[in-house]
Amino acid sequence: MTTGAQTPRSPARPPRSRLRTFVPLGVAAWLVLEIWLLTVVAGASSGFVVFLLLVAGIVLGSVVIKSAGRRAFRNLTETLQQQQAGVIPEARSNSEGNGLMMLGGLLLILPGLISDALGLLMLLPPVQKAVSRYAERTVERKLREAGPGTLGDAFRQARMHQPDGKVVQGEVVRDDADDAPQDPRPPLTR
């Protein structure tokens, strides 16, 4: 039975970003290239050599992640001890790059020759500095685009563009008998 009312249409979907379009294609191409390179290396030498390369990548990546994690934890504990002692912690020259070292170790652990090459590149200090500068500039640019205000304002602005439900602004007013006006509170004394 129809009542003559039109079915509400869903709001127009926002256009799909280029990143959401090309990242899955890039991952698929990367996986195909990794498998192809492993088969080429296995055909040129043997399957045992490929197995040894993969195991060596896993072992080296684990060692890198473990050492970078220990260094980061040691720097954190030293900084916390200095702050508890009331000393202003000084900047450490070797404290930067622990996250990028861990990323390099993770890339080494992933099976494949391309990921191993990228992981080895991430272990080089000039590459780490270039990647960290690029990431810092990108984050600063994104924060500037977020608009003035606090980080909460940025999250609120992001939520307004893709709301997940209806939000009604308002306040709660109680009209209970127990909330009868009471005597004014005494002034605060020091």
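In the predicted model, Phe48, Phe51, Leu52, Val55, Val59 and Val63 form a nonpolar patch on the surface, with an area of about 560 Å². One of these residues, Val63, lies in helix 2, which spans residues 47-84.

Helix 2 also packs against helix 1. The axes of the two helices approach within 7 Å and cross at roughly 130°; helix 1 and helix 2 are therefore oblique to each other. On the side of helix 1, the contact involves Leu38, Val41 and Ala42, and helix 2 contributes Gly47, Val50, Leu53 and Leu54. Classified by residue type, this contact of helix 1 with helix 2 comprises six nonpolar residues and one polar residue, with no charged residues.

A further contact joins helix 1 (residues 18-44) to helix 4 (residues 113-122), whose axes come within 8 Å and cross at roughly 100°. Because of this crossing angle, helix 1 is roughly perpendicular to helix 4. Helix 1 takes part through Trp30, Leu33, Glu34, Leu37, Leu38 and Val41, while Leu113, Ile114 and Ser115 represent helix 4. The contact of helix 1 with helix 4 contains seven nonpolar residues, one polar residue and one charged residue. Leu38 and Val41 of helix 1 thus appear both in the contact with helix 2 and in the contact with helix 4.

Terms used:
Residues numbered from 1 in each chain as written. Predicted model: local features only at pLDDT ≥ 70, side-chain atom pairs only at ≥ 80, totals over all residues. Heavy atoms only, no water. Patch = residues over 30% accessible without salt bridge, like charges linked within 9 Å, V, L, I, M, F, W, Y side chains within 5 Å. Areas by Shrake-Rupley, 256 points an atom, 1.4 Å probe, with all protein chains shown as cover. Salt bridge = Lys/Arg side-chain N within 4 Å of Asp/Glu carboxyl O. Helix = DSSP H or I, 4+ residues; strand = E, 2+ residues; numbered from the N terminus. Axes fitted to C-alpha atoms, helices over the stretch in contact; angles between N-to-C directions. Parallel < 35°, antiparallel > 145°, perpendicular 65-115°, else oblique. Contact = heavy atoms within 4.5 Å. Nonpolar A, V, L, I, M, F, W, Y, C, P; charged D, E, K, R; others polar.
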